[in-house]
Amino acid sequence: MEHSNSHPHFDPAHLRSPIEPAHKGRAQRLVEIAERVGAVRAARRLHDRLNSTITILAYHRVIPTDALDSYPLDPELISATPQQFDWQMRHLREHRNPVSLTDVIAHLDKGTPLPRAAIAVTFDDGFSDTYRYAFPILNRYKIPATIFVSTGYVDSQTPFWFEIASYLIYRVRPRALKIDDGRTFPIGESLGERTASLRQIHGILKDLPNCERVILIDKWTHAFSDLITHDAMRHSLPISWHQIHHMASNGIDFGSHTVTHPNLTRLTDHDLGLELSESKRLLEAQLQRPIESVAYPIGTRSAFDQRVTTATERNGFKLGVTYIPGANLIDRLNRFEMHRHGIGRSMSPPYFRALMSLPSWLN
Ligand SMILES: [Zn+2]
């Protein structure tokens with residue numbers, strides 16, 4: 001399929017400081033003007049605020065550009081190419097203070113101070129490309145990271161349910177995918193109609209009671225098994241235990257992303273407890289270390305609530321991260337409702353730099 005967004009352009013010119021030596025005189029004049037109009041005071045307040053925040057970045061997939069040309073799944077799940085990711089990690093290493101979520105928990109539990117301009121890198125779902133492309137780069141810059149894994153998919157060779165829906169929406173004839181309430185997708189043949197349908201169908205599936213969603217995806221997988229080729233699905237393979245073990249013994253942390261990646265607010269109390277406790281139990285048994293953080297699947301306001309955060313705490317977790325953008329103010333941390341900035345592949349180096357410098361503006 002084609003992509004609505006063009007491939008992000010990587011411009012090494014952005015690596016240069018925005019103020020070149022030749023412009024220093026001008027910069028000084030600008031600062032003097034800024035000082036007169038009070039902008040420097042405002043910047044200092046902002047700077048102080050930035051230094052008392054912890055920013056958490058949320059990545060999904062890291063895939064090279066050449067793989068994008070024939071990419072058959074949801075392009076919105078691609079956070080960066082390896083080249084972009086390399087630049088971003090180098091930027092964090094040089095200009096911010098990368099910390100692990102374990103450091104954040106130690107701060108919350110014991111008051112261990114966090115460094116100024118603290119930043120944590122996280123990945124959701126557990127895709128094999130996290131191992132293949134992101135892990136060597138994290139290693140290169142010694143960036144601590146946490147990977148939130150949906151344990152039911154590990155080693156399964158089965159793409160996540162939202163990837164199967166994405167794949168089918170671009171391939172089946174119009175109106176071939178039926179929802180129980182009578183709605184049918186995709187709404188048309190064109191790429192634009194299919195992309196619009198994908199956003200709609202993901203919204204519907206995320207809000208369905210969990211068992212209905214499981215049955216529906218199962219039904220579609222069987223009905224269109226001839227379309228779901230191994231070649232297409234290899235683009236979306238979940239991570240393996242072997243890959244998890246290798247990363248765990250090389251400085252990467254793991255957290256729970258539940259077992260089956262449901263919308264936790266749509267579960268019964270019993271199933272909610274199982275999704276949290278089983279994923280934790282399995283990761284701890286495999287890794288022989290405590291698993292203390294969870295990323296709520298989907299992560300938006302409709303994907304967690306008081307009942308979910310209470311169950312999270314009751315099941316022994318110490319930190320819960322959402323997909324709500326914004327930095328977290330260190331003196332007002334809500335440990336079961338931590339904000340994260342989702343990173344997208346259209347993010348240019350200047351925008352990434354600005355996001356790192358002014359994360360609390362986007363709260
Ligand atoms: Zn997820």
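**Helix packing, buried strands and backbone exceptions**

Helices H7 and H8 cross with a right-handed sense. This result, like the others reported here, comes from a predicted model. The two helices, spanning residues 161–169 (H7) and residues 191–207 (H8), pack at an angle of about 150 degrees, and their axes lie 9 Å apart. Because angles over 145 degrees count as roughly antiparallel, H7 is classed as roughly antiparallel to H8. On the H7 side, the contact is made by Phe162, Ala165, Ser166 and Ile169. The H8 side contributes Arg194, Ser197, Leu198, Ile201, His202 and Leu205. By residue class, the contact of H7 with H8 comprises 6 nonpolar, 3 polar and 1 charged residues.

Thr195 also belongs to helix H8. This residue has 21 other C-beta atoms within 10 Å; since the threshold for burial is 20 or more, Thr195 counts as buried. Its C-alpha lies 8.8 Å from that of Ser166, although Thr195 and Ser166 are separated by 29 residues in sequence. Ser166 is itself one of the H7 residues that make the contact with H8.

Helix H7 has a further packing partner in helix H9 (residues 210–223), with an angle of about 45 degrees between them and axes 10 Å apart. This angle makes H7 oblique to H9. The crossing of H7 and H9 is left-handed, whereas that of H7 and H8 is right-handed. Trp161, Ile164, Ala165 and Leu168 of H7 meet Arg213, Ile217, Trp220 and Thr221 of H9. The residues of this contact of H7 with H9 fall into 6 nonpolar, 1 polar and 1 charged. Ala165 of H7 takes part in the contact with H9 and also appears in the contact with H8.

At the level of the whole chain, the model contains 14 helices and 13 strands. Of its 363 residues, 39% count as buried. Among contacts in the chain with a separation of 6 or more, 71% involve residues 24 or more positions apart.

Two strands, E5 and E9, were examined for burial and pairing. In strand E9 (residues 252–256), 5 of the 5 residues are buried, so the strand is largely enclosed by the rest of the structure. In a regular strand the side chains alternate between the two faces of the sheet. Both faces of E9 are covered, with Ile252, Phe254 and Ser256 buried on one side and Asp253 and Gly255 buried on the other. E9 runs parallel to strand E6 (residues 145–149), to which it is joined by 5 bridges. Within this pairing, Ala145 has Ile252 of E9 as its bridge partner. Ile252 is among the buried residues of E9.

Strand E5 (residues 118–125) is likewise largely enclosed by the rest of the structure, since 8 of its 8 residues are buried. Its pairings include a parallel arrangement with strand E1 (residues 53–59), supported by 6 bridges. There, Ile54 is matched with Ala118 of E5. Strand E4 (residues 97–98) also runs parallel to E5 and is joined to it by 2 bridges. In this second pairing, Pro98 is the bridge partner of Ile119 in E5.

Several backbone geometries depart from the common pattern. Most residues other than glycine have a negative phi, and most peptide bonds are trans. Asp125, which lies in strand E5, has phi near 85 degrees, a positive value in a residue other than glycine. Asp125 is buried, with 24 other C-beta atoms within 10 Å.

Gln157 likewise has a positive phi for a residue other than glycine, near 60 degrees. Gln157 is located in the loop between E6 and H7. With 12 C-beta neighbours inside 10 Å, Gln157 counts as exposed, because the exposed class covers residues with 12 or fewer. The two residues with positive phi thus differ in environment, because Asp125 is buried and Gln157 counts as exposed.

The peptide bond between Phe185 and Pro186 is cis, with omega about -5 degrees. Pro186 is situated in the loop between strand E8 (184–185) and H8. H8, which borders this loop, is the helix that packs against H7 with axes 9 Å apart.

Key: Residues numbered from 1 in each chain as written. Predicted model: local features only at pLDDT ≥ 70, side-chain atom pairs only at ≥ 80, totals over all residues. Helix = DSSP H or I, 4+ residues; strand = E, 2+ residues; numbered from the N terminus. Pairing = 2+ DSSP bridges. Axes fitted to C-alpha atoms, helices over the stretch in contact; angles between N-to-C directions. Parallel < 35°, antiparallel > 145°, perpendicular 65-115°, else oblique. Left-handed = near helix turned anticlockwise from the far one by under 90°. Contact = placed C-beta atoms within 7 Å. Nonpolar A, V, L, I, M, F, W, Y, C, P; charged D, E, K, R; others polar.
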